[in-house]
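The exercises below ask you to read residue environments and a helix packing from a structure, each followed by a solution in steps. Please keep the sequence and the structure in view while working through them.

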Amino acid sequence: MPQSLSCIYVHAVFSTKNRQTFLTEPEFRVEVFAYIGGISSRLGCQPVAIGGAEDHVHALIRLSRTISISNWIKETKRVSCNFAKARAPGFSWQSGYGAFSVDPTSLDRVAAYVRSQEEHHRKVSFQDEFRQLMKEHGVAWDERFVWD
(Lines give C-alpha, C1' and ligand atoms only; values in the text may rest on other atoms or scores of the structure.)
Protein backbone atom coordinates (compact mmCIF):
# COMPACT_ATOMS: atom_id res chain seq x y z
CA MET A 1 0.00 0.00 0.00
CA PRO A 2 1.62 3.31 -1.03
CA GLN A 3 -0.21 5.41 1.58
CA SER A 4 -0.28 5.08 5.37
CA LEU A 5 -3.72 5.51 6.93
CA SER A 6 -5.00 5.19 10.47
CA CYS A 7 -7.97 5.97 12.67
CA ILE A 8 -7.00 5.45 16.30
CA TYR A 9 -8.83 7.25 19.07
CA VAL A 10 -7.19 7.39 22.49
CA HIS A 11 -8.59 8.39 25.86
CA ALA A 12 -5.58 9.43 27.94
CA VAL A 13 -5.62 10.22 31.64
CA PHE A 14 -2.82 11.74 33.69
CA SER A 15 -2.57 13.48 37.02
CA THR A 16 -0.65 16.28 38.59
CA LYS A 17 2.33 15.14 40.65
CA ASN A 18 1.05 13.65 43.91
CA ARG A 19 -2.43 14.69 42.72
CA GLN A 20 -1.86 18.23 43.95
CA THR A 21 -4.85 20.44 43.21
CA PHE A 22 -3.08 22.91 40.92
CA LEU A 23 -6.11 23.13 38.61
CA THR A 24 -8.60 24.42 41.18
CA GLU A 25 -9.18 27.81 39.57
CA PRO A 26 -11.72 27.25 36.75
CA GLU A 27 -10.20 29.89 34.44
CA PHE A 28 -6.71 28.41 34.78
CA ARG A 29 -8.04 24.89 34.27
CA VAL A 30 -9.77 25.91 31.04
CA GLU A 31 -6.55 27.57 29.83
CA VAL A 32 -4.49 24.45 30.54
CA PHE A 33 -7.02 22.21 28.80
CA ALA A 34 -7.12 24.52 25.77
CA TYR A 35 -3.32 24.58 25.71
CA ILE A 36 -3.24 20.77 25.75
CA GLY A 37 -5.67 20.79 22.82
CA GLY A 38 -3.38 23.17 20.94
CA ILE A 39 -0.32 21.02 21.61
CA SER A 40 -2.20 17.97 20.37
CA SER A 41 -3.19 19.75 17.18
CA ARG A 42 0.41 20.84 16.54
CA LEU A 43 1.47 17.21 16.96
CA GLY A 44 -1.11 16.16 14.36
CA CYS A 45 -3.40 14.60 16.97
CA GLN A 46 -6.89 16.02 16.59
CA PRO A 47 -8.38 16.79 20.02
CA VAL A 48 -11.95 15.58 20.38
CA ALA A 49 -12.46 16.56 24.04
CA ILE A 50 -10.18 17.73 26.85
CA GLY A 51 -11.47 17.85 30.41
CA GLY A 52 -10.61 16.97 33.94
CA ALA A 53 -10.68 18.11 37.52
CA GLU A 54 -8.47 19.88 40.04
CA ASP A 55 -5.77 17.22 39.92
CA HIS A 56 -5.96 15.41 36.59
CA VAL A 57 -6.69 15.60 32.88
CA HIS A 58 -8.63 13.47 30.42
CA ALA A 59 -7.79 13.92 26.74
CA LEU A 60 -9.72 12.23 23.96
CA ILE A 61 -7.74 12.53 20.75
CA ARG A 62 -7.40 11.02 17.31
CA LEU A 63 -3.82 9.83 17.27
CA SER A 64 -1.70 10.89 14.31
CA ARG A 65 -0.18 8.09 12.28
CA THR A 66 3.23 9.72 12.74
CA ILE A 67 3.54 9.73 16.55
CA SER A 68 3.33 7.08 19.24
CA ILE A 69 1.03 7.41 22.23
CA SER A 70 4.00 7.66 24.59
CA ASN A 71 5.64 10.41 22.52
CA TRP A 72 2.36 12.34 22.25
CA ILE A 73 1.89 12.20 26.03
CA LYS A 74 5.54 13.00 26.76
CA GLU A 75 5.46 16.10 24.56
CA THR A 76 2.00 17.17 25.72
CA LYS A 77 3.07 16.97 29.35
CA ARG A 78 6.41 18.68 28.75
CA VAL A 79 5.01 21.68 26.91
CA SER A 80 1.87 22.08 29.04
CA CYS A 81 3.93 21.81 32.23
CA ASN A 82 6.11 24.73 31.13
CA PHE A 83 2.95 26.72 30.34
CA ALA A 84 1.34 25.91 33.71
CA LYS A 85 4.48 26.64 35.74
CA ALA A 86 4.33 30.27 34.60
CA ARG A 87 1.10 30.66 36.62
CA ALA A 88 1.52 27.92 39.22
CA PRO A 89 5.13 27.62 40.42
CA GLY A 90 5.91 24.05 41.39
CA PHE A 91 3.41 22.62 38.91
CA SER A 92 4.30 19.19 37.63
CA TRP A 93 2.59 16.21 36.03
CA GLN A 94 2.93 12.69 37.42
CA SER A 95 5.36 10.48 35.53
CA GLY A 96 2.83 7.90 34.37
CA TYR A 97 -0.44 7.88 32.48
CA GLY A 98 -3.29 5.69 31.35
CA ALA A 99 -4.15 5.38 27.66
CA PHE A 100 -7.24 3.53 26.51
CA SER A 101 -8.49 2.77 23.03
CA VAL A 102 -11.88 4.16 22.03
CA ASP A 103 -14.15 2.62 19.42
CA PRO A 104 -15.28 5.32 16.94
CA THR A 105 -18.91 4.37 17.66
CA SER A 106 -18.32 5.36 21.32
CA LEU A 107 -16.79 8.78 20.64
CA ASP A 108 -19.83 10.84 21.60
CA ARG A 109 -20.28 8.94 24.88
CA VAL A 110 -16.58 9.17 25.83
CA ALA A 111 -16.39 12.85 24.80
CA ALA A 112 -19.40 13.64 27.03
CA TYR A 113 -17.71 11.75 29.88
CA VAL A 114 -14.48 13.75 29.41
CA ARG A 115 -16.39 17.04 29.35
CA SER A 116 -18.38 16.18 32.51
CA GLN A 117 -15.39 15.48 34.76
CA GLU A 118 -16.09 18.29 37.20
CA GLU A 119 -19.57 16.92 37.90
CA HIS A 120 -18.36 13.31 37.87
CA HIS A 121 -15.78 13.96 40.58
CA ARG A 122 -18.35 15.31 42.99
CA LYS A 123 -19.28 11.63 43.43
CA VAL A 124 -16.23 9.56 42.45
CA SER A 125 -12.56 9.97 43.43
CA PHE A 126 -9.83 10.04 40.80
CA GLN A 127 -8.38 6.80 42.15
CA ASP A 128 -11.72 4.97 41.93
CA GLU A 129 -12.34 6.37 38.47
CA PHE A 130 -8.92 5.26 37.24
CA ARG A 131 -9.36 1.78 38.74
CA GLN A 132 -12.69 1.50 36.92
CA LEU A 133 -11.14 2.55 33.60
CA MET A 134 -8.43 -0.06 34.00
CA LYS A 135 -11.01 -2.75 34.84
CA GLU A 136 -13.19 -1.81 31.85
CA HIS A 137 -10.21 -2.06 29.52
CA GLY A 138 -8.75 -5.24 30.98
CA VAL A 139 -5.58 -3.60 32.27
CA ALA A 140 -3.81 -5.42 35.09
CA TRP A 141 -2.13 -3.19 37.64
CA ASP A 142 -0.36 -3.17 40.96
CA GLU A 143 -1.53 -0.47 43.37
CA ARG A 144 2.05 0.01 44.60
CA PHE A 145 3.08 1.40 41.21
CA VAL A 146 0.02 3.33 40.03
CA TRP A 147 0.01 6.35 42.34
CA ASP A 148 2.84 8.85 42.79
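**Exercise 1. Find what the side chain of Arg65 reaches, and place Arg65 in the chain.**

Solution. Begin with the side chain: one of its polar atoms lies 3.1 Å from the backbone oxygen of Ser4, where a polar contact is a pair of N or O atoms within 3.5 Å, one of them, within protein, able to donate a hydrogen and the other to accept it, with residues adjacent in sequence counted only if both atoms are side-chain atoms. Before going further, note that this is a predicted model, in which local features need pLDDT of at least 70 and side-chain atom pairs count only at pLDDT 80 or more, while totals for chains, interfaces and linings use all residues. Residues are numbered from 1 along each chain as its sequence is written, and side-chain values use heavy atoms, with hydrogens and water left out.

Next, locate the residue: Arg65 sits in the loop between S3 and H2, helices (H or I, at least four residues) and strands (E, at least two) being DSSP runs numbered from the N terminus. Leaving out residues up to four places away in sequence, Arg65 touches Ser4, Leu5 and Ser6, contact meaning heavy atoms within 4.5 Å. The C-alpha atoms of Arg65 and Cys7 are 8.1 Å apart, although 58 residues separate the two in sequence.

Finally, judge the accessibility: Arg65 counts as exposed because its relative accessible area is 55%, the classes being buried under 20%, exposed over 50% and partly exposed in between (1.4 Å probe, protein chains only).

**Exercise 2. Is Trp72 buried or exposed, and which residues does Trp72 contact?**

Solution. Trp72 belongs to helix H2, which covers residues 69-85. Its relative accessibility is 0%, and therefore Trp72 is buried. Apart from neighbours within four places in sequence, its contacts are Ala12, Ser40, Leu43, Cys45, Ala59, Ile61, Leu63 and Ile67. With one of these, Ser40, the side chain of Trp72 forms a polar contact of 3.0 Å. As a check on distance along the chain, Trp72 and Ile39 are 33 residues apart, with their C-alpha atoms separated by 9.1 Å.

**Exercise 3. Describe how H1 and H2 pack, and which residues meet.**

Solution. Two packed helices are described by the angle between their axes and the distance between the axes. Helix H1 (residues 26-42) packs against H2 at an angle of about 140°, and the axes are 10 Å apart; axes are lines fitted to C-alpha atoms over the stretch in contact, and angles run from 0 to 180 degrees between N-to-C directions. The angle therefore makes H1 oblique to H2, since under 35 degrees counts as roughly parallel, over 145 as roughly antiparallel, 65 to 115 as roughly perpendicular and the rest as oblique.

For the residues, H1 contributes Phe28, Glu31, Val32, Tyr35, Ile36, Ile39 and Ser40, which meet Trp72, Glu75, Thr76, Val79, Ser80, Phe83 and Ala84 of H2. These divide into nine nonpolar, three polar and two charged residues, where Ala, Val, Leu, Ile, Met, Phe, Trp, Tyr, Cys and Pro count as nonpolar, Asp, Glu, Lys and Arg as charged, and the others, Gly among them, as polar.

**Exercise 4. Work out the surroundings of His11 and His121.**

Solution. His11 is found in strand S1 and, because its relative accessible area is 4%, is buried. A polar contact of 2.7 Å links the side chain of His11 to that of His58. Beyond four places in sequence, the residues touched by His11 include Ala59, Leu60, Phe100, Tyr113 and Leu133.

His121 lies in the loop between helix H4 (117-120) and helix H5 (126-136), and is buried, with a relative accessible area of 19%. Its side chain makes a polar contact of 2.8 Å with the side chain of Gln117. Outside four places in sequence, His121 touches Ala53, His56, His58, Phe126 and Glu129.

**Exercise 5. What is the phi of Asn18, and what is the phi of Arg19?**

Solution. Most residues other than glycine have a negative phi. Asn18, though not a glycine, has a positive phi of about 55°, and Arg19, also not a glycine, has a positive phi of about 55°. Asn18 is in the loop between strand S1 (8-15) and H1, as is Arg19. Asn18 is partly exposed, with a relative accessible area of 48%, and Arg19 is partly exposed at 23%.
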